[in-house]
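Visitor: Hey, got a minute to walk me through this one? I'd like to poke at the packing and the voids.

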Amino acid sequence: MSPVDDYRDLLDAARHRAVEWLDQVPERPIPPAADVGEVKDALGRTLPESTQDPRAVLDRLADAVEPGLLASQSPRFYGWVIGGTYPVALAADWLVSTWDQNGGMRHSSPSTTAVEDLAGEWLLDLLGLPAASAVGFVTGATTANLVGLAAGREHVLRKTGWDVSTEGLTGAPRVRLIAGAERHGSVDLAARYLGLGAARLVPSDDQGRIAVDALADALADGDGPAIVCLQAGSVHSGAFDDVGAAVAAAHEAGAWVHVDGAFGLWAAASPRLAHLTHGYETADSWATDAHKTLNVPYDSGIAIVADREAARTALGIRASYLVAAETSDPHETVPEMSRRSRGVPVWATLAWLGRQG
Ligand SMILES: Cc1ncc(COP(=O)(O)O)c(C=O)c1O
């Protein structure tokens, strides 16, 4: 038996279980039938002393886990904003696991870097965002918000003469973070990671849209570096901030503007809905998810920063043992070094759907 036979048998078994699962999703009850404790019991709680038969391990995993799965891919699922998985996205994701490339560097993985480069270019085109922007394939919109705010923090502090990369935040001018009252909690989390503290909140209307007049007042009420966080698609109502007007007010005050468009930014790709994102291209950074509206498997978010250097300065790393690319490496615009090439299923889905899809 050749070593590849071990893979073949297990992958055949995994494929069989995967297709069985997908087959029952449309009719299956949506809620999980087992809780965490029951799934742990079924898995067996004790670490085995000796090596086990891998096929038995795989069967035990699938048997134990399936009752505790939420059928969020079902056409009858109306819970949170959770995407499903298109067949081509899932299949491409399997290939990413099989190739097992470290997608952090161009030199170590030219192929997946090429795929991600193209996926990034296509996304900027579809979403109508500046073509020279940095695109980072991250774990989700929370991390994409982190990237946008990190680049913004770097940029607005540098404008005051403060290099946050070397000086840190102690003694730095205070960065004023301003957001709508109905921002998503992940913006608060990203701000906390970055030492920006809690945002000053500007009132929102009854649909969750930021009040642009109140934003202008908040910007005028103080000085120094500022970051404004706007939203494309409220998780409660679906409403979009009037970003064009809000960006104009924020830029007038010298602020960096980040847009959290976890699921809503994709409206820009639809002729019917593109009016909702009018003026969005004038912002400085954007966050969106591919695991929501684009329906690729978890985890897959996209961070976009118009000023590539701000993103690279905030997140890039140089180490003597790394062969640095002449252009930027994929790890330089994400908060990771070794990384999964999450952009590959994104590319496959865009290549399949095309512009009209
Ligand atoms: C508007 C908004 N921003 C951010 C997020 C967080 O996204 P993720 O869970 O992919 O980090 C969500 C999730 O629903 C969202 O709706």
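Guide: Sure, here is a tour of some residues, a helix, the voids and a few backbone oddities. Keep in mind that the model is predicted.

Visitor: Let's begin with Arg 339. Where is the place of Arg 339?

Guide: Arg 339 is in the loop between α11 (308-315) and α12 (343-353).

Visitor: Does that loop residue count as buried or exposed?

Guide: Buried: Arg 339 has a relative accessibility of just 4%, and the cut-off for buried is under 20%.

Visitor: OK, and what does the side chain of Arg 339 reach?

Guide: The backbone oxygen of Phe 137, at 3.2 Å. There is also a polar contact of 2.8 Å between the side chains of Arg 339 and Glu 116.

Visitor: Which other residues does Arg 339 touch?

Guide: Not counting residues up to four places away in sequence, the list includes Gln 101, Asn 102, Gly 103 and Gly 104, as well as Pro 330, His 331 and Val 334.

Visitor: Switching to helices. Which residues of α8 are buried?

Guide: In α8, which covers residues 185-193, Ser 186, Val 187, Ala 190 and Ala 191 are buried. They sit on the same side of the helix, because they cover an arc of only 145 degrees around the axis.

Visitor: Remind me why residues three or four places apart would point the same way in an α-helix?

Guide: An α-helix has 3.6 residues a turn, so residues with that spacing point the same way.

Visitor: And what do the buried residues of α8 pack against?

Guide: One helix and three strands: α6 (141-159), plus β2 (176-180), β4 (226-231) and β5 (256-260). After α8 comes Gly 195, with a positive phi near 70 degrees.

Visitor: Now the voids. What is the volume of the largest pocket?

Guide: About 830 Å³. The largest pocket has 26 lining residues, and Ala 18, Trp 21, Leu 69, Gln 73 and Leu 90 lie nearest its centre.

Visitor: Which element gives the most to that lining?

Guide: That's α1, with six residues. The elements giving two or more residues to the lining of the largest pocket are α1 (3-24), α3 (54-65) and α4 (87-99).

Visitor: How many of the lining residues are nonpolar, polar and charged?

Guide: For the largest pocket, 16 are nonpolar, six are polar and four are charged.

Visitor: What about closed cavities, how many of 30 Å³ or more?

Guide: One. The largest cavity has a volume of about 70 Å³, and 14 residues line it. Arg 183, Cys 229, Leu 230, Gln 231 and Asp 241 lie nearest the centre of that cavity.

Visitor: Which element gives the most there?

Guide: β4, with three residues in the lining of the largest cavity. By class, that lining divides into five nonpolar, five polar and four charged residues.

Visitor: Back to α1 for a second. What is Arg 17 in contact with?

Guide: Arg 17 is in helix α1. Leaving aside neighbours within four places in sequence, Arg 17 is in contact with Asp 59, Ala 62, Asp 63 and Glu 66. Arg 17 counts as buried, at 16% relative accessibility.

Visitor: And Ser 285, where is that found?

Guide: In strand β6, residues 285-289. Ser 285 is buried, with a relative accessible area of 0%. Among the residues Ser 285 touches are Gly 148, Trp 256, His 258 and Ile 304.

Visitor: Last topic, backbone geometry. Which peptide bond is cis, with omega near -10 degrees?

Guide: The one from Tyr 298 to Asp 299. Asp 299 is found in the loop between β6 and β7.

Visitor: Which residues other than glycine have a positive phi?

Guide: Asp 100 is one of them, with a phi of about 50 degrees, and Asn 295 is another, with phi near 60 degrees.

Visitor: Are those two buried or exposed?

Guide: Asp 100, in the loop between α4 and α5 (110-127), is exposed at 62% relative accessible area. Asn 295 is in the loop between β6 and β7, and Asn 295 is buried, at 17%.

Visitor: And Lys 292, what is that in contact with?

Guide: Leaving aside neighbours within four places in sequence, Lys 292 is in contact with Val 81, Gly 83, Ala 262 and Phe 263. Lys 292 lies in the loop between β6 and β7 (301-305) and counts as buried at 19% relative accessibility.

Note on methods
Residues numbered from 1 in each chain as written. Predicted model: local features only at pLDDT ≥ 70, side-chain atom pairs only at ≥ 80, totals over all residues. Heavy atoms only, no water. Helix = DSSP H or I, 4+ residues; strand = E, 2+ residues; numbered from the N terminus. Buried < 20%, exposed > 50% of the residue type's maximum accessible area, 1.4 Å probe, protein only. Polar contact = N/O pair within 3.5 Å; in protein donor to acceptor, adjacent residues only side chain to side chain. Contact = heavy atoms within 4.5 Å. Arc of directions from axis to C-beta. 1 Å grid on protein atoms, 1.4 Å probe; cavity = no way out; pocket = protein on both sides within 12 Å on 5 of 7 lines; lining within 4 Å. Points joined across faces, edges and corners; volume = space filled by probe spheres on them. Nonpolar A, V, L, I, M, F, W, Y, C, P; charged D, E, K, R; others polar.
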